[in-house]
Structures are given as C-alpha cells and as structure tokens.
Amino acid sequence: MKCIETTQAAGHVLCHDITVIVKDVKKGVAFKKGHVVTEADIPELLKLGKDHLYVWEKDDTMLHENEAAEILYTICKGENMHGTEPKEGKIELVADCDGLLTIDSERLYAVNDIEELMIATRHGNTPVKKGDKLAGTRVIPLVIQKEKMESARKAAGDEPLMNVLPYKRMRCGIVTTGNEVFYGRIKDTFTPVIEQKVAEYGIEVMGHETCPDDQEKITAAINRLLQQGAELILTTGGMSVDPDDRTPSAIRATGATVVTYGAPVLPGAMMLLAYTKDGVPILGLPGCVMYAKRTVFDLVLPRIAAGQKLERRDIVAFGEGGLCLSCPTCTYPNCGFGK
C-alpha cells in the first residue's frame, strides 16, 4: 500500500472504500475497496476531496482480485453451469440444469492449499436443481501474485474441478417379492414409494411384476424385464438374512455381478447392488425404503440416474455421514446425510 496523488492514480487499486455524502440526499460508497481507478474516475475523486489515495500499485507480477477470481472460475467450471459477474474478488457458480454435482476432491484440496485464494463448494455427488448455487471462488487480498494463480492452474490440471451431470432418460422395471403381497394378504405399499422416488429423476417405470418368495420366479421376472428393455431393475422385499428371504440369491442367479450386499448406511444397511454383464444396475431394496423419509436408496439413485457406475469403494465411502438423524423436518439433500 502507498499514498499517491489522485491525478496519477489511473490503473491502481483502491485499498479502502471512498464515501460520498450529499446533504439531505445520500451517504454511501462512491468507490469500493478493490476498484481499479480509471481516467474518468479522477475528476469524481477530486470532487470528493480526494487529492491523494491509498492504493495497491499494480504491476506485471500482480493480478487484481477480480482478474484472479476469473481464473478460479475457469478452473472450476465444467458442464452445465455458469458464473456470476466478478465482485470484490468473488465469483459464484450456478447450475444450468437439474443433475448430479460431481467434484474432483483431491484436486480441489490441492488448489485450496495455496495461500490467499479459495474455492468453497457443495458436497460432491449431490443432486442439484437448476439455479442452485454450486460454489464460490474468492481471492483474499486485493491483488495477488500471478505466480500463485499459475500454481493454482497447475494444481487443478487440465480438466474442470466440477460438473453437473444431467439425469439420463431411463426405463425401470420393478419386481415386488413376498408371499404376503403375492397372495393378496396385504396391500403393496412399497411400489408407490418407489414410483414416486424414481419420478423425481425422470425415470419411467416400464414394467412391474409381483412374485412369491420363490428364487426361480424372482429370477425369471428380473430376466423378463431385462429382455423388455429395462435399464434399471429395482426389487423390493426379501432382503434380510432370514432363510425364506430369497431376493439376494435370485439376483445372483441372473448372472449379475454383485458389487455389495450391505452398505454402511442407516437406514438401508441391507441394500444389494449388482450389475448385469450389459451394465444394467439391479438394486435389492431393504424394507426401510418403504417407510423412512431418506435411506441408502436416496444416495444411490441420483448417481445411477446420472449415468455413474458405482463400485464397492463408492458404497464404502457412505459410512462417514451415512447415519440419517431422522430430523423432524427433512431438508435432504441439504444436510449431512451420505456426505
């Protein structure tokens, strides 16, 4: 910071707000801290009684905070998002469509490890709506060394740190299992819940079969739906370890590869995830999905809807944050569940 004559201030960065006061009319900020003085500003500054200014002297080794914020925005920006106008060294990123927000965490950490700059985001793998705020970038000082911004570029690499993956148009088959439903002893209250949840992601239910607790019949129902073009199979019921619960073995009998039977999530520990040889996901949904507000299904479904193929490590990662607190007013996904 240094004091210079206002007449020589063009191109320099103000270190403090400059106030304008007009009696009985207004009192406010005429020029904000961080403003780059232009030739046109000089007469106005002189009218405000500012013959001298305290400024950061800008040279070829430094960038103004807004210029640096543009670099951070470029580092972040991926598919289906846009940025706000730079203001006081900050740019926010906003979703252009409904979809799944993905973030490369390790590269984000590497950028944030550089002093005097920051990127703050939502959690990755979170469903977002068009217009949602995704991230904010900021440079801490009024001016920053170009060298630091180059370090940020290198730490980020060539690919954007974040993307919004739009949901794919998918056709889903549902297999309801259980003697109690098949023989009409109780009403099927599970399927309507599933239909409502998949509709949130634009998934079409193209077929629904109800089976008794019979492994061969459940396997045959899954295969029929696959032959009819289902791109996602959801099975309900029969997912515990009781001897008469046949759904896990029926899913295995289709020839699908099981990624996991069990998840470190409550509610939802008994979920099964498998993929057919053609890459179609099959989910065995535990009973809690029928009555709990949010479960493991709500963590897995948006990622499948966005076209991600989940691995065991993805499920394991749910453990930290995998405990739903069953809040009286549910705010998911704007909470810590699954993050």
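**Figure 1. A cis peptide bond sits in the segment after helix α11.** In this predicted model, P333 belongs to the segment that follows α11 (312–316). The bond joining Y332 to P333 is cis, and its omega is about 10 degrees. Most peptide bonds are trans, which makes this a good spot to pause. A second cis bond runs from L266 to P267, with omega near 5 degrees. To find P267, look in the loop between β18 (257–261) and β19 (272–275).

**Figure 2. Helix α10 is wrapped by the rest of the structure.** How many residues of helix α10 (residues 296–305) are buried? The count is 10 of the 10, so the helix is largely enclosed by the rest of the structure. Among these buried residues are V296, F297, L299, V300 and L301, and charged-residue names such as D298 and R303 appear in the list too. Just after α10 comes G307, with a positive phi near 90 degrees.

**Figure 3. A salt bridge links helices α10 and α11.** Here R303 pairs with D314, and their closest N and O atoms are 3.3 Å apart. R303 lies in helix α10 and D314 in helix α11, so the pair ties together parts that are 11 residues apart in sequence. Which partner is buried, and which is partly exposed? R303 counts as buried because its relative accessibility is 8%, while D314 is partly exposed at 22%. Another α10 residue to look for is D298, which is linked with K197 and R294 in a network of salt bridges.

**Figure 4. Two salt bridges each lie within a single helix.** In helix α1 (residues 41–47), E44 and K47 are three residues apart, so about one helical turn separates them. Their side chains meet in a salt bridge of 3.7 Å, N to O. E44 is partly exposed, with a relative accessible area of 39%, whereas K47 counts as exposed at 66%. Helix α4 (residues 146–156) holds R153 and E150, again three residues apart and separated by about one helical turn. The salt bridge between R153 and E150 is 3.2 Å, N to O. R153 is partly exposed at 36% relative accessibility, and E150 is partly exposed at 40%. An α-helix has 3.6 residues a turn, so residues three or four places apart point the same way. A search of the whole structure finds 10 salt bridges.

**Figure 5. Two loop residues have a positive phi.** Most residues other than glycine have a negative phi, so the next two residues deserve a look. Where does N80 lie? N80 is in the loop between α2 (65–76) and β7 (81–83), and its phi is near 60 degrees. With a relative accessibility of 29%, N80 counts as partly exposed. E116 lies in the loop between α3 (105–112) and β10 (117–121), and has a positive phi of about 75 degrees. E116 is partly exposed as well, at 33% relative accessibility.

**Figure 6. Stepping back shows the setting of these close-ups.** The protein chain has 11 helices and 20 strands. Its radius of gyration is 28 Å, well over the 20 Å that the globule rule gives for 339 residues, so the chain is more spread out than a compact globule. Along the principal axes, the C-alpha atoms fill a box of roughly 90 × 45 × 30 Å. Of the 339 residues, 45% count as buried.

Note on methods
Residues numbered from 1 in each chain as written. Predicted model: local features only at pLDDT ≥ 70, side-chain atom pairs only at ≥ 80, totals over all residues. Heavy atoms only, no water. Buried < 20%, exposed > 50% of the residue type's maximum accessible area, 1.4 Å probe, protein only. Helix = DSSP H or I, 4+ residues; strand = E, 2+ residues; numbered from the N terminus. Rg over C-alpha atoms; globule rule 2.2 N^0.38 Å. Salt bridge = Lys/Arg side-chain N within 4 Å of Asp/Glu carboxyl O.
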